[in-house]
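Colleague: I am new to reading models like this one and would like a close look at one part of it. Please start with that part and then place it in its surroundings.

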Amino acid sequence: MPDRIHLAVALDGAGWHPAAWRETTARPTELTSPAYWRALARTADGAGLLLATIEDALSLGGRSFEPDAETRRDRARGRLDAVLLASFLAPVTRRLGLVPTATTAHPEPFHLATGLQTLDHASRGRAGVRLVAGSTPQERANFGRRADGPTGLPASGRVEDDPALLSAFREAGEVAEVIRRLADSWEDDAIVRDLESGKFLDRERVHNVDFEGEFFSVTGASIVPRSPQGRPLVTALAHQSVPYRFAAEHADLVFVTPADAGAVGGILDELASGEREEPLRVFADLLVLVEETRTEAAAVWNRLQDRAPLTTDARVVVGTADDVVEEIRALTAQGIDGVRLRPARLPADLEAIADRVVPRAAAAGILLPDDGAPTLRERVGLPRLASRYARQEVGA
Amino acid sequence: MTRRQIHLAAHFPGVNNTTVWTDPSAGSQIDFSSFEYFARTAERGFFDYLFLAEGLRLREHRGQLHDLDVAGRPNTLSILSALAAVTEHIGLVGTLNTTFNEPYELARQLGTLDLLSNGRAGWNAVTSSDAFHGANFRRGGYLDHADRYVRASEFAALSKALWSSWRDDAIVADAETGAFLRDDAIARVRHESRLFDVDAVFDVPRSPQGRPVIVQAGDSPDGRDFATDHADVIFSLHTEFSDAQQFYRDVKGRLAARGRDEDSLKILPAATFVLGDTAEDARERSREIALQQVRPQTAITYLEQIWNRDLSGYDPEGPLPDVEPDTGVETAQGFAGRHAAIRDRVGQLREQAAAENLTIRELVIRLTAKHTFVGTPEHVASEIDRYVQERATDGFTVVGHVTPHGLDEFTDRVVPLLQERGSYRRSYDEGATLHDLLGLPPVDASAAGAASAPVPAATR
Ligand SMILES: Cc1cc2nc3c(=O)[nH]c(=O)nc-3n(C[C@H](O)[C@H](O)[C@H](O)COP(=O)(O)O)c2cc1C
């Protein structure tokens, strides 16, 4: 029996290609409308995809370090806050995991954590987050709170060669830690509603998190009672050593970008360092453009590239649904847990994924069927953990 | 017919002793189904908006979590976003602090909610900041009391500038020429002061209502100034008729100096209600509910917050404690700061109890479980209408005492009577924004962006 994997999708504006908004299938004036996102999420949900990530950034130009990112007028611009968008999508989807992007440099960790717990309640256990470390100068100017921070990748291209980036990853680690602690701060059965004693709450089962870090501290318990997953799924995208280490230490699931199937082994080795309570789930990213024939796909691709060349970290597949399934099959054999597809165009390539890629991958026997597990965590094969504070007491 | 129209907000029951969790029909305060049910009921009753309070730390009493009332609630913005998906007409208003948020981020989140709801978002801007709440945030309890409203006011002005920094027609999306945005689509927003140093380009397009509705809750002169400068609605505590009229006149009287007219600021005080088939019925139910709201332990805890000492030895059904209050460090945390003001009232309380011969529990009921409107649906409807017609309020923020069914009876029995009087809507207008529902003037797009320069477009 062949290995089987999950399929996920990465949603962003008019799609991942910067010229995608100019295609006739695009809906460029609706990129921040509720109807547009409702339709995308329902397509992904109906296709049986495991989860959808939603991109975000805290400046007009996105997370680009290009100096003209905020002034150029040829790119699709305008965004919705991803955590709130995911919350909006919760009641209109049934099985789809909802994984908004959140940057760790600016938001209050307390607000972010309670937002994710609330997403978990509203979606009945389908919440996750993709944490992004660091900030751009544009984001810092928008906030006006901190002057310090990364200004781009260092000449070497390596995170470890820039103290500001390293510091950003340490801060991201603290945010992840606080998210987990707040998620654990109410034990599952803390609400007792005991008429006899008049107590709504058993205060022995609610715990202050008392976190003191290098970048911030958070004292109290969450204001949100424990959610269906206990801990919302923490994910990250990683391309090199420092982010790999961050993922291995703080994430439940990591998105990686192997240049081809052969590169998967080396990435898995790098990720394997460090001790973990549970396995780290690894998903490979593929940017896809799907048409009925390879010729058509190539024609669309050339048109897009002529208008605005795409620079990307992920492997690109331009072709038919079968071509995409072939790529997924090759990755599957390398021991990954899933593939995240980044549609070049939305909604066109998402529809192609739903209508053609998923059914063919299922027919090829490489897709894990929905096992009916109630939460996203359990669907990816991770146990629902008890509150750390509860376990401490049992041990004491 | 020129009857003044009544505006109603629906307050989702919160975490204080108004909410009776011991009621057999009480449901979850956190499951989404409770919020969905409540929102649908409010929409069935044609309310202007659904309202959520905020508390950013679990309340503590004498150094321990307060465990007698409902505790735990969702993140305000996330739950309102989810509600935007299951409602069509009703406004969605959340209480969000100006001290423990940053303008760019909060304006972006509220802008998102406004787009997701097609123009139904609102923001109750509160200022409460103290070290107890601050301990949950990056900045800690860093803000002096005196600076709270300074920050709140600059925060609101900056948010308005961000919301109006996109032209309505910013997005052209011309596939032929490749121009997505107009050249002068977005204005850069600068704000430099002692408290802020922001140089921002906003990334959320303008919403159908221009910007979210702004609500204010806070009673000091500074709070009233903030309201007349920035707010569209005041959530007040003035519900006694002549006091309400006086507050109404005071606040509305300040508007002209700000170039605003009377209708541009609505006053919607909090109101609780108890209905009965007869006046006697209603009074009896009111008494029963009050006893549930103030159980013996609740009464002692309440006095302990004022006395600031252990009173567990006292009989809740007996006379007031004869010990003096401890004026040392305050031990009750997160109860919206009413204690300092009340502490020196011990003498007054003793007088009141003695004059009316009240036990501890009865006194606390007088103080906290006084229901605004008690009577038959006809009586309550005519009272609400009288307040509005005689300019004591523009309507009410209705607070039920059970989650999530607290609005059912009001919607079924009082709303139809208000409609019969011609003072309340019988349907929502298709596509109405929250500004429209509240009868507020349209947002002036040019006002806030005027101080900021358009972001120059790079030629490509
Ligand atoms: C009716 C009313 C409701 C309030 N609701 C909240 C709330 O939900 N959360 C909060 O943090 N503060 C709340 N506050 C506190 C106010 O925002 C403000 O901080 C406080 O009243 C002190 O300001 P003042 O001196 O102007 O009254 C409320 C105040 C009033 C009067």
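How far apart do the end C-alpha atoms of residues 26–300 of chain A lie, and how much of the span is helix and how much is strand?

Modeller: The model is predicted, and every value below should be read with that in mind. In residues 26–300 of chain A, the end C-alpha atoms are 13 Å apart. Helix accounts for 32% of the span and strand for 17%. The limits of this span come from UniProt, where an unreviewed entry gives residues 26–300 of chain A the annotation "domain: Luciferase-like".

Now for the chain that carries the span. Chain A contains 12 helices and 13 strands. Its radius of gyration is 21 Å, and the globule rule also gives 21 Å for 396 residues, so chain A is as compact as a globular protein of that length. Along the principal axes, the C-alpha atoms of chain A fill a box of roughly 75 × 50 × 40 Å. Buried residues make up 65% of the 396 residues in chain A. If we take the contacts in chain A between residues at least 6 apart in sequence, 77% of them join residues at least 24 apart. The exposed surface of chain A is about 14,000 Å², with carbon and sulfur atoms supplying 49% of it. Chain A has 47 positive and 59 negative charges, and the mean positions of the two sets are 3 Å apart.

Two places in chain A can be followed in detail. The first place is A:Glu249, in helix H6 (residues 241–250) of chain A. The relative accessible area of A:Glu249 is 57%; exposed means over 50%, so A:Glu249 counts as exposed. Leaving out residues up to four places away in sequence, A:Glu249 touches A:Arg180 and A:Arg276. A:Glu249 and A:Ala176 are 73 residues apart along the chain, and their C-alpha atoms are separated by 9.6 Å.

The second place is a peptide bond. Most peptide bonds are trans. The bond from A:Leu346 to A:Pro347, however, is cis, with omega near 0°. A:Pro347 sits in the loop between strand S13 (338–343) and helix H10 (348–363) of chain A.

Chain B can be described in the same order. It has 16 helices and 17 strands. For 460 residues, a compact globule would have a radius of gyration near 23 Å, and the 23 Å of chain B agrees with this. The C-alpha trace of chain B spans about 80 × 55 × 45 Å along its principal axes. Of its 460 residues, 62% count as buried. For contacts in chain B between residues at least 6 apart in sequence, the share that joins residues at least 24 apart is 76%. Chain B exposes about 17,400 Å², of which carbon and sulfur atoms supply 47%. The mean positions of its 48 positive and 68 negative charges are 2 Å apart.

Chain B also has a UniProt annotation. An unreviewed entry places the feature "binding site" at B:Thr95, B:His145, B:Tyr149 and B:Ser220. One of these, B:Thr95, lies in strand S5 (residues 91–97) of chain B. Its relative accessible area is 5%; buried means under 20%, so B:Thr95 is buried. Residues up to four places away in sequence aside, B:Thr95 touches B:Phe51, B:Leu52, B:Ala53, B:Glu54, B:Thr76, B:Asn124 and B:Val126.

The backbone of chain B has a few places to note as well. The peptide bond from B:Thr403 to B:Pro404 is cis, with omega near -10°. B:Pro404 belongs to the loop between strand S17 (395–399) and helix H14 (408–420) of chain B.

Most residues other than glycine have a negative phi. B:Asn357 is not a glycine, yet its phi is positive, near 55°. This residue is in the loop between helix H11 (346–356) and helix H12 (360–368) of chain B. With a relative accessible area of 68%, B:Asn357 is exposed. B:Arg391, also not a glycine, has a positive phi of about 55°. B:Arg391 is located in the loop between helix H13 (377–389) and S17 of chain B. Its relative accessibility is 38%, so B:Arg391 counts as partly exposed.

To return to the request: the end C-alpha atoms of residues 26–300 of chain A lie 13 Å apart, and the name attached to the span comes from an unreviewed UniProt entry.

Conventions: Residues numbered from 1 in each chain as written. Chains lettered and ligands numbered in written order. Predicted model: local features only at pLDDT ≥ 70, side-chain atom pairs only at ≥ 80, totals over all residues. Heavy atoms only, no water. Helix = DSSP H or I, 4+ residues; strand = E, 2+ residues; numbered from the N terminus. Rg over C-alpha atoms; globule rule 2.2 N^0.38 Å. Buried < 20%, exposed > 50% of the residue type's maximum accessible area, 1.4 Å probe, protein only. Contact = heavy atoms within 4.5 Å. Areas by Shrake-Rupley, 256 points an atom, 1.4 Å probe, with all protein chains shown as cover. Lys, Arg positive; Asp, Glu negative; His and termini not counted. Charge placed at Lys NZ, Arg CZ, Asp CG, Glu CD. UniProt positions renumbered as here; feature names shortened; annotations may be inferred.
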